[in-house]
Amino acid sequence: MTRLKPPHWRAAPAPGRLGGLMEEDPALAEEAVRLNSLLLSAELRDVGLNVNCIPSLDLAFPGAHDVIGDRAFGSEPEVAAKLGKICIDACLSANVMPVIKHMPGHGRAMVDSHLSLPVVSASLDELKETDFEPFRLRADAPWAMTGHVVYTAVDPDRPATASPKVVEEVIRDYIGFQGLLLTDDLSMEALSGDLGQRTAAAMTAGCDIALHCNGKADEMQAVAANSRIMSEEARNRAMAADKRLGNAEDFAFKEARARLNEILGGE
């Protein structure tokens, strides 16, 4: 979701809009994703931020809840992975850390995980062919975020964020992701228990960092109390990711914005 909005910031195009260009002109789609990622990075750096939770590698599925919607590049794993790489590389070059999400795939969810728990009943073979595939293709990303989604074919009792089975067998083993693993916002209603219990479950599952976003002090204290000092392995992941950041050299913002508008037909 875009947090920096008009009138103070530009109206950034949705990934779905950019992904839709792939059918018309793949080269323009790739250029648009790169430009938009560089523009977003410049806007974030301007207000002192150096992490951006993009790209979403979730796929768009007909009939699914629109919580992902146009945040997805599209419905094809290879397209999501290809445009995702362009976004990742652009962010890194601009000295902003990208975070792929929502691992291992939120696109099939029939409910909004901000409000309730999505349960995905697709077979493991089907998940590997679709939902998991963009993440497997982009397993070299530096940071990733889990999804608060139950995959009955893997762990019918716990969402990915709280599931050692999903984290170890799917994210770390099958997908092959060895970067820094963050939870999605622990205050979302998909998760059960109090904030301390949610945090402990995510840490036990194998997440490296607990993410809490609503700013409520009592919840923040519970999360902090049930988190842990980063393990040596997690610190090594974080340091390896930091080494991939670029120098954010001078960026022609106005020219890039004009070119992106041109590609999008004056939007």
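**View 1. H102 is a buried residue, with a relative accessible area of 4%.** This is a predicted model, so please read each view with that in mind. H102 counts as buried because its 4% falls under the 20% cut-off. Its place is in strand 2, which spans residues 97-103. The side chain of H102 is joined to that of D58 by a polar contact of 2.7 Å. Setting aside neighbours within four places in sequence, you will find H102 in contact with D58, I68, R71 and F135, and also with M145, T146, G147 and D184.

**View 2. The largest nonpolar core has 41 residues.** Which members touch the most others? Look for I100, M103, Y151 and F177. Several elements each supply at least two residues of this core: helix 3 (77-93), helix 6, helix 7 and helix 9 (232-242) among the helices, and strand 2, strand 4 (143-146) and strand 6 (180-182) among the strands. A second core, separate from this one, holds 19 residues, including V33, L40, L83 and A256.

**View 3. Here we zoom in on Y151 and its contacts.** Not counting residues up to four places away in sequence, Y151 touches P104, G105 and H106. The other residues touched by Y151 on that count are V120, L127, P156, A160 and V166. Y151 is also one of the residues that touch the most other members of the largest nonpolar core.

**View 4. Helix 7 (residues 195-205) is shown with its two ends and its buried residues.** At the start of the helix, a side-chain oxygen of D194 comes to within 3.1 Å of the backbone nitrogen of G196. Just after the helix, G206 adopts a positive phi of about 120 degrees. In between, the buried residues are L195, G196, R198, T199, A202, M203 and A205. Helix 6 (164-174) and helix 8 are included in what covers them.

**View 5. Helix 7 and helix 8 (residues 217-226) cross at roughly 35 degrees.** Their axes come within 8 Å, and the crossing is right-handed. On the helix 7 side, the contact is made by L195, G196, T199, A200 and M203. Helix 8 contributes E219, A222, V223 and N226. By class, this contact has five nonpolar, three polar and one charged residues. A handy reminder for reading such a view: an α-helix has 3.6 residues a turn, so residues three or four places apart point the same way.

Technical notes:
Residues numbered from 1 in each chain as written. Predicted model: local features only at pLDDT ≥ 70, side-chain atom pairs only at ≥ 80, totals over all residues. Heavy atoms only, no water. Axes fitted to C-alpha atoms, helices over the stretch in contact; angles between N-to-C directions. Helix = DSSP H or I, 4+ residues; strand = E, 2+ residues; numbered from the N terminus. Left-handed = near helix turned anticlockwise from the far one by under 90°. Contact = heavy atoms within 4.5 Å. Nonpolar A, V, L, I, M, F, W, Y, C, P; charged D, E, K, R; others polar. Buried < 20%, exposed > 50% of the residue type's maximum accessible area, 1.4 Å probe, protein only. Polar contact = N/O pair within 3.5 Å; in protein donor to acceptor, adjacent residues only side chain to side chain. Core = buried A, V, L, I, M, F, W, Y, C linked by side-chain atoms within 4.5 Å.
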